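Colleague: Could you take one polar side chain in this chain and go through its surroundings closely? Please then work outward from there, and say where the model should be read with care.

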Amino acid sequence: MMLTALSHIQCTNVYTIPSIFPDTPPLLSSPSSSFLSLEPSSHRLSLHVYNNDRLRITHKSNVCGLKLSCSLKEPPLKVMISGAPASGKGTQCELIVKKFGLVHISTGDLLRAEVSSGTEIGNKAKEFMNAGKLVPDEIVTAMVTSRLSREDAKQNGWLLDGYPRSFSQAQSLQSLKIIPDVYIVLDVPDEILIDRCVGRRLDPVTKKIYHVKNFPPETEEIKARLTTRPDDTEEKVKARLEIYKTNADAILSTYSNIMKRIDGNHPKEVIFGEIDSILSQVLNDKEKKRKLGSSLSQSSSIQDNWRGIPTKLNNIPHSRDIRNYFYDDVLQATKRSINDGGIRLKVEINIPELNPEMDVYRIGTLMELVRTLALSFADDGKSVKVCVQGSMGEGALAGMPLQLAGTRQILEYMDWGEYGAMGTFIKIGAIGAKHVDDTDDLFILVAPQNAVGNCIIEDLQAMTDAAGDRPVILINPRLKDLPASSGIMQTMGRDKRLKYAATFENCYFFRLLYYAGTQYPIMGALRMSYPYRYELYKRMNDPSGKEKYVIISTYPKKPTIDEVNDAFEGKPRNENKKAQGFWGFLSGILQN
């Protein structure tokens, strides 16, 4: 079926829309409202673009009565925001609504509206309020879900302000499949919050809010009539902060994988700039899912349904479930990165069995990880070259790092399945340009590292130059200079070596955090799985005594030791201080 040609279509901000019919050229659309109709013989195609809303294509055939309708609009944003009293949450809600057009939903506003309207839910809530009691969770949740079900919230997205406030409320929303795209938390130091509240004043005439230091009244007349809210005393503010912290901690586990913490002790424009960046990234991620199709959508859903970091990681040997868990976590992140065009990638995973600094390091676990990656890419029809560096140096310096001893033999004797993948889709090689063949689609390099007095960088760079735009994946590389006492591989050329090493981007990072100078107990973890942010977790025990990892902060890039220190000590970001305390030892680990 062919469509008649289009001509003289006037539009701005033109986008190309792939045709939904075979042999049909792309159509042009504009975000401005327009309508066009094509009537080639007995067929008619109608295209309607609504203002800032959705595009609908309708095809009718007079012959078979076919009608096809499709919407290209991305699902709207769903946002939750939390912050202590006087954290500036209300101001940020206003800015979010103005920029993104979300429906602002506050439980306080809902309660007042339902009560004043005399609805059934409002009357029930009023009974508890008149008795001086808290409104039960089921009533508040019913109001929230009712509001979320309205058409404006479905079409434009929603911003849920200060709700849920308890674990049971969060679980109720989860059971109703009300799940946000992102959970934003505004962090402000207690002393700042107390000062904001205690110094707050209300003008009873204009209802305008002032602050004795930060925003004083314009005239003495206004100053004379200002009043203080009864609950804005230091004692009551501290009590409210404790309640907020208890409630916030209770729901951390529910939204830990989508939580974004923001330093709220900055000008409102700076704070909103970070929120704007986060929400825009969420929208970009949705667009990536649409562009990359089902492959990325399926892999991204793994992050959406990610069940958190496994526990009992100090139990050695690791269980088969734990090992498979991390193998799959690495695989999905690596595939997402390659689907996005990544070609120089790096995987750094340091669970105890993969940490050569620990005496429980197991070379077999590293080989299993490599095998999982290689077989998965081979299943996709790719030719994979698994590379292990050979002996380096001459004479007394000849040899290879102890971590890699026997690696090639283990790879050759491993079980690669019954379908002949090894030798057909998977081959074993070494590091260097001569090991790059035209038939290779992808290269997995097993723990490439410098030895004392010898540098692998030169061979590695020659290999990546020969590979061109084909993906090269480094598994647990160690590319720092290790100069020998003889002066071999010292400072000459070091900057160039480090610059080249930095061209490999992390597609996956996982490291456990311990007390200074020890490897027990585990205090937390740092994780990044492409394309998501670095996530800092704290190891905790829930009320039942069960171990769990709770996210306490996220970062767009690998955090510094100061940022890790601040997060664990509950301090806001960007405070200038030296690394100290029991986390100071991490500086050499996190700043590789």
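**Glutamine 174 and its surroundings**

Modeller: Glutamine 174 lies in helix H6. The model is a predicted one. With a relative accessibility of 24%, this glutamine is classed as partly exposed, because buried would require a value under 20%. Setting aside residues up to four places away in sequence, glutamine 174 touches Ile179, Thr254 and Tyr255. Tyrosine 255 is 81 residues away from glutamine 174 along the chain, yet their C-alpha atoms are 10.0 Å apart in space.

Helix H6 (167-175) is also one of the elements against which the buried residues of helix H4 pack. The others are strand E8 (103-106), helix H2 (107-117), helix H3 (120-130), helix H5 (151-156) and strand E9 (158-161). On H4 itself, the buried positions are Ile139, Val140, Thr141, Met143, Val144, Arg147 and Leu148. Helix H4 covers residues 137-148, and at 1.5 Å a residue its 12 residues should span 16 Å; the end C-alpha atoms are 16 Å apart, so the two agree.

Next, a charged residue. Lysine 260 belongs to strand E13 (residues 259-263). Lysine 260 is buried but makes no salt bridge. The nearest side chain of opposite charge is glutamate 535, at 5.7 Å, and a salt bridge needs the atoms within 4 Å, so this pair does not count. Beyond four places in sequence, lysine 260 touches Val182, Tyr183, Ile184, Val185, Ile278, Arg533 and Thr554.

Now the nonpolar interior. The largest nonpolar core holds 85 residues, and Leu313, Ile349, Leu411, Ile444, Ile473 and Phe510 have the most contacts inside it. Helix H13 (residues 363-379) is the top contributor to this core, giving 8 residues. A second core, separate from that one, has 18 residues, among them Phe100, Leu159, Ile262 and Ile275. As for isoleucine 473, its contacts outside the four nearest places in sequence are Thr334, Ile338, Leu345, Val347, Phe377, Leu442, Phe443, Ile444 and Leu445.

As to confidence, the chain has an average pLDDT of 76, and 74% of the residues score at least 70. Strand E18 (residues 472-475) has the highest mean pLDDT of the elements, 94, while strand E1 (residues 15-17) has the lowest, 34. Residues 294-305 stay under 50, although the model gives this stretch 19 contacts beyond four places in sequence. Residues 575-592 are also below 50, with 41 contacts beyond near neighbours in sequence. Predicted coordinates should not be read in detail where pLDDT is low.

Note on methods
Residues numbered from 1 in each chain as written. Predicted model: local features only at pLDDT ≥ 70, side-chain atom pairs only at ≥ 80, totals over all residues. Heavy atoms only, no water. Helix = DSSP H or I, 4+ residues; strand = E, 2+ residues; numbered from the N terminus. Expected span 1.5 Å × (residues − 1). Buried < 20%, exposed > 50% of the residue type's maximum accessible area, 1.4 Å probe, protein only. Contact = heavy atoms within 4.5 Å. Core = buried A, V, L, I, M, F, W, Y, C linked by side-chain atoms within 4.5 Å. Lys, Arg positive; Asp, Glu negative; His and termini not counted. pLDDT = per-residue confidence, 0-100.
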